[in-house]
Amino acid sequence: MEPLPILTYPDERLKTVCEPVEQFDPELREFAEHLQHTADLGPSAVGIAAPQVGRMQRLCLVDATRAKRPVDNNGPLVLVNPAITNWKGFAVGREGCLSIPDYTGKVIRAETIELTAQDIEGRTVTFKMKGFEARIAQHEIDHLDGILFLDRLVSRHADLRER
Amino acid sequence: MTQPWLLLTLVGADRPGIVAHVTRVLFGVGAELGETAMMRLGNQFAIMMMVRGAGNPEEVAGLLESTRADFGLKLHVDEIDAALHQHREPDVSVIVHSADRSGIVSEVTAALLEAGMNILDLRSDVGGSSDKPIYIMQIDGESSQGIEPIEQCVARFADQGLTVRVTPLETMRG
């Protein structure tokens, strides 16, 4: 299976708000698998969002099991139509993006979040996330709203609390 | 053939407009800017800029002579073996603070070197009051042997009144 081509900044599609997924069918499952395969081939990616490969729908993958150091996680996740319902605390962390090669920067994210989404079959799921996994989910959900980590950069000397 | 990168260093009393004036001159002759870093140290302005396409070091110094003189700056230009897209990511942060005394940077960085840490970014500052200064240092780097040797190596500083915090960093990429 060939990886899907990844859009790179400043492609306008990366700044576009995505449409909700309404049809849960084999084609969607196949796309999620193809997206996962694409992330697998990227440089140590722990998440990827559908618009990064030009599919302007609210679907993303979050996988904190791929962190270099073990972190609390909910396992590899396919999140469809995700929405953050609660968030608490703040932490500074360094982020990079498959769509923005060769640049990393500091971003402030909520330390813990709760989110609701649908799985690949359309069933409602909820998760509590903290730290690194919460950061991945916030980064990916931002993609679904056309927001890049560049839009959230803080001073390179910011140091609220490194994770 | 592409001209080599030059590293342009400007220092002097801080005044509004230095960066705008310098870059206007460089842009005016078609120069390309690479990575730059500006800071204020001890109430003085300092900037380092990667520049190319504006001639050799002597020619660039000549172009900026008027601006340099107007702002009372010191200018230094070197040809360097540099390239863009060479970023490296830190995986460990070390933060040190204590009452100010001589030798802190030397002792801590020697310990970090011994523990296999390569420093990628360092900032230090003196705060507190004139009669009771405190020293704060923030270092980001690469830990070639993992974080444990670094933690063990800096533990000795607790006996010397230094607080040293070692934190693993991981860049989230998605």
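User: Which residue stands opposite B:Met172 in strand 9 of chain B?
Analyst: In this predicted model, the residue standing opposite B:Met172 of strand 9 in chain B is A:Glu95.

User: And in what sense do strand 3 of chain A and strand 9 of chain B pair, parallel or antiparallel?
Analyst: They pair in the parallel sense, with two bridges between strand 3 of chain A, residues 77–97, and strand 9 of chain B.

User: OK, the interface itself. How many residues does the contact take from each chain?
Analyst: Chain A contributes 28 residues to the contact and chain B contributes 20 residues. Between them the two chains bury about 1,900 Å², and 49% of that area lies on carbon and sulfur atoms.

User: Which three residues supply more of the area that chain B buries than any other three?
Analyst: Those are B:Glu170, B:Met172 and B:Arg173, which supply 42% of the area that chain B buries against chain A. B:Met172 is also the residue that A:Glu95 stands opposite.

User: What about salt bridges, how many are counted between chain B and chain A?
Analyst: The count is one salt bridge, and it is formed by the side chains of B:Asp121 and A:Arg156, at 3.0 Å from N to O. As for polar contacts, twelve residue pairs are found across the interface, with both residues of a pair at pLDDT 80 or more.

User: Which strands of chain B supply at least two residues each to the side that touches chain A?
Analyst: Strand 6 (117–129), strand 7 (132–143), strand 8 (163–168) and strand 9 (172–173) of chain B each do so. The largest share, three residues, comes from strand 8 of chain B. By residue type, the side of chain B that touches chain A divides into six nonpolar, seven polar and seven charged residues.

User: Switching to the sheet in chain B: what's the strand order?
Analyst: The order is 6-7-5-8 in an open sheet of four strands, with antiparallel pairing. Strand 6 and strand 8 of chain B are the edge strands, each pairing on one side only. Neighbouring strands of this sheet are turned against each other by 15° on average, with direction ignored.

User: How many bridges join strand 5 to strand 7 of chain B?
Analyst: Eight bridges join strand 7 of chain B to strand 5, residues 92–99, and the two strands run antiparallel. Within that pairing, B:His97 has B:Ile136 in strand 7 of chain B as its bridge partner.

User: Last one, which helix packs on the sheet?
Analyst: Helix 4 of chain B, residues 104–114, packs on the sheet and touches strand 5, strand 6 and strand 7 of chain B, while the direction of this helix makes about 20° with that of strand 7 of chain B.

How values were computed: Residues are numbered from 1 along each chain as its sequence is written. Chains are lettered from A and ligands numbered from 1 in the order in which they are written. This is a predicted model: local features need pLDDT of at least 70, side-chain atom pairs count only at pLDDT 80 or more; totals for chains, interfaces and linings use all residues. Side-chain values use heavy atoms; hydrogens and water are left out. Contact means heavy atoms within 4.5 Å. Buried area is the accessible area (1.4 Å probe) that two parts lose on being put together, summed over both. A salt bridge is a side-chain nitrogen of Lys or Arg within 4 Å of a carboxyl oxygen of Asp or Glu. A polar contact is a pair of N or O atoms within 3.5 Å; within protein, one must be able to donate a hydrogen and the other to accept it, and residues adjacent in sequence count only if both atoms are side-chain atoms. Ala, Val, Leu, Ile, Met, Phe, Trp, Tyr, Cys and Pro count as nonpolar, Asp, Glu, Lys and Arg as charged, and the others, Gly among them, as polar. Two strands pair if DSSP finds at least two bridges between them. Axes are lines fitted to C-alpha atoms, for helices over the stretch in contact, and angles run from 0 to 180 degrees between N-to-C directions.
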